[in-house]
Amino acid sequence: MAKDKKTPPDVSKMIKDREVKLVDFKFTDLPGTWQHFTTTLTEYNEDIFTDGLGFDGSSIRGWKVINASDMLVIPDPTTAWIDIFNAEPTLSLICTIVDPITREPYDRDPRGLAEKAEAYLKSTGIADTANFGPEAEFFIFDDVRFSSAANSAFYQIESTEAHWNSAREEFPNLGYKIRAKEGYFPVPPADTLQDIRNEMCLELEKAGVPIERQHHEVATAGQAEIDIRFAPMKEMADHMQYYKYIVRNVAKRHNKTVTFMPKPLFADNGSGMHTHISLWKGDKPLFAGNGYAGLSDTALFFIGGILKHAPALTCITNPTTNSYKRLVPGFEAPVNLAYSARNRSAAIRIPTYSANPKSKRIEFRTPDSAANPYLAFAALLLAGLDGIQSRIDPGDPLDKNLYDLPPEELANVPSVPDSLSGAIAALENDHDFLLKGDVFNSDFISNWLEMKQKEYDALRLRPHPYEFSMYYDV
């Protein structure tokens, strides 16, 4: 990973020392999924780190049209890793995408966009580094089946530890099931996934992703969280891509399946991605100060920017129709746009675990794990920077349980959209802050809005199974 500062000669040595036979080139599409192709060593030489390798980008979701589809991957030597999920010794490299003619970064490449966001941060003179620390939640299921056709639709998920299986014949059923909303966090045997999560952590660290802790999360049926130690923005987005890949493949080793879908279970907790953020200039943490909860004016203005742009941000940080099954008032996901120290019912929390200025950060609790990390982190950074540049006052903190506020008080607290359609409208009306420094551009925003609208339309055009329960006899 980037902290190792590997160079092309280091990668060549790694190939020789580890007797590597294949090289896998990974890059990220717009929704946030890794894509890849693999070569033998015949294609490998150190020139690829500057010259790149060509591929057809026309079939990548949201990318080039067929008549302008030639593209180059430029591998990053700092990301070199032996991919343990291949049968033959395989070196993995994360790549950015450039245009083969202009050699300019491709403006729909999420990783290249994150690089531009980091360059823009430095150009402002406000800070040198934006550190991010996401807490990505996910579910580990034993079985999943789903189908959608013109005349039918269903899904079914299974977990041996789920409360709904307390009466199932399991030869024998030992009774250690986790009740709804009580998964935080009993020891084994109720927690059946301790060893798998430990294996995920150890494999992540082998890939250069430092781990803070792992645990069962609140929901029944195998909800989990593995926390990664904070890192600079693009590096953290790389870490998140390793995270999803390694977590899914370790689960597959054990004949289980992982989903980062925000709300796979009805009437239980969904999966979020609480995101910790701090700005630094050299060795100086810029969010520590003498203001509320030990924050600096810089941090408060950064909060002001996120709260102002949060409705638009959700189109990127909560980018699926399913995201809004989690973002429901009165439940566990913070939808009310307020900030507070220690208060987990606010959209932005100020963690107070330590008085050390280097630990001072903000935690934006609205995002979910379906987000493309490169895009989500870049958008959050730009929103916060707009807050600093425009000196946006975040207003007074709310040190109350926002879920218990009387209706007349709650009416004065703005909230995030309640659907992907609302998020699309918000981004359409508020995206100038994303255009600063040419990090995002108008073409990217238009393309993203079109993609999201198609997703929303695909869902709203289909009858929902529950509608038959409610309306079949009307």
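A residue counts as buried when its relative accessible area is under 20%. By that yardstick, both Phe139 and Phe141 are buried in this predicted model.

Staying with aromatic residues, pairs of rings are a good place to start. A pair of aromatic rings is described by the distance of the centres and the angle of the planes. With centres within 6.5 Å as the requirement for a pair, the count comes to 23 aromatic pairs. Take Tyr44 and Phe49: their ring centres sit 6.3 Å apart and the planes make an angle of 80 degrees, so this pair is edge-to-face. Tyr44 has a relative accessibility of 14% and therefore counts as buried, and Phe49, at 9%, counts as buried too. Phe139 and Phe141 meet in another way: with centres 5.3 Å apart and planes at 20 degrees, their rings are stacked. Elsewhere, one aromatic cluster is formed by Phe25, Phe27, Phe37, Phe55, Trp63 and Tyr106.

Next come the helices, with α5 at the centre of the story. Two packed helices are described by the angle between their axes and the distance between the axes. Helix α5 covers residues 233-253 and packs with α8, residues 373-390, at an angle of about 150 degrees, the axes being 9 Å apart. Since angles over 145 degrees count as roughly antiparallel, α5 and α8 are therefore roughly antiparallel to each other. The crossing of α5 past α8 is right-handed. On the α5 side, the contact is made by Met233, Lys234, Met236, Ala237, Asp238, Met240 and Gln241, and these face Pro373, Tyr374, Phe377, Ala378 and Leu381 of α8. Sorted by class, this contact has nine nonpolar residues, one polar residue and two charged ones.

Helix α3, residues 110-124, also packs with α5, here at an angle of about 155 degrees and with the axes 9 Å apart. This pair, too, is therefore roughly antiparallel. From α3 come Arg111, Ala114, Glu115, Ala117 and Glu118, while α5 supplies Met233, Lys234 and Asp238. The class balance of the α3 contact with α5 is three nonpolar, no polar and five charged residues.

A third partner of α5 is α4, residues 194-206, which packs with α5 at an angle of about 135 degrees with the axes 9 Å apart. At that angle α4 is oblique to α5. The two helices cross in a right-handed manner. In α4, the residues at the contact are Ile196, Glu199, Met200, Glu203 and Leu204, and they meet Tyr242, Tyr243, Ile246, Val247, Val250, Ala251 and Arg253 of α5. Nine of the residues in the α4 contact with α5 are nonpolar, none are polar and three are charged.

Asp238 deserves a closer look. This residue of α5 takes part in the contact with α8 and in the contact with α3. Its relative accessibility is 2%, so Asp238 counts as buried. Asp238 and Asp109 are 129 residues apart in sequence, and their C-alpha atoms are 13 Å apart in space.

Leu91 belongs to strand β6, residues 90-98. With a relative accessibility of 0%, Leu91 counts as buried. Asp24 is 67 residues away from Leu91 in sequence, yet the two C-alpha atoms are 6.0 Å apart. Leaving aside residues up to four places away in sequence, Leu91 touches Val11, Met14, Ile15, Val20, Leu22, Val23, Asp24, Ala80, Trp81 and Ile82.

Finally, a few backbone oddities. Most residues other than glycine have a negative phi, and most peptide bonds are trans. A cis peptide bond links Phe171 to Pro172, with omega about 0 degrees, and Pro172 is in the loop between β9 (153-158) and α4. Tyr184 and Phe185 are likewise joined by a cis peptide bond, with omega about -25 degrees; Phe185 also has its place in the loop between β9 and α4. As for phi, Glu19 is not a glycine but has a positive value of about 55 degrees. Glu19 sits in the loop between α1 (8-17) and β1 (22-28) and is exposed, with a relative accessible area of 63%. Arg103, another residue other than glycine, has a positive phi near 65 degrees. The loop between β6 and α3 holds Arg103, which is partly exposed at a relative accessible area of 40%.

Methods:
Residues are numbered from 1 along each chain as its sequence is written. This is a predicted model: local features need pLDDT of at least 70, side-chain atom pairs count only at pLDDT 80 or more; totals for chains, interfaces and linings use all residues. Side-chain values use heavy atoms; hydrogens and water are left out. Axes are lines fitted to C-alpha atoms, for helices over the stretch in contact, and angles run from 0 to 180 degrees between N-to-C directions. Helices (H or I, at least four residues) and strands (E, at least two) are DSSP runs, numbered from the N terminus. Angles under 35 degrees count as roughly parallel, over 145 as roughly antiparallel, 65 to 115 as roughly perpendicular and the rest as oblique. A crossing is left-handed if the near helix is turned anticlockwise from the far one by less than a right angle, and right-handed if clockwise. Contact means heavy atoms within 4.5 Å. Ala, Val, Leu, Ile, Met, Phe, Trp, Tyr, Cys and Pro count as nonpolar, Asp, Glu, Lys and Arg as charged, and the others, Gly among them, as polar. Rings of Phe, Tyr and Trp (its six-membered ring) pair if their centres lie within 6.5 Å; planes under 30 degrees apart count as stacked, over 60 as edge-to-face and the rest as tilted. Buried means under 20% relative accessible area, exposed over 50%, partly exposed in between (1.4 Å probe, protein chains only).
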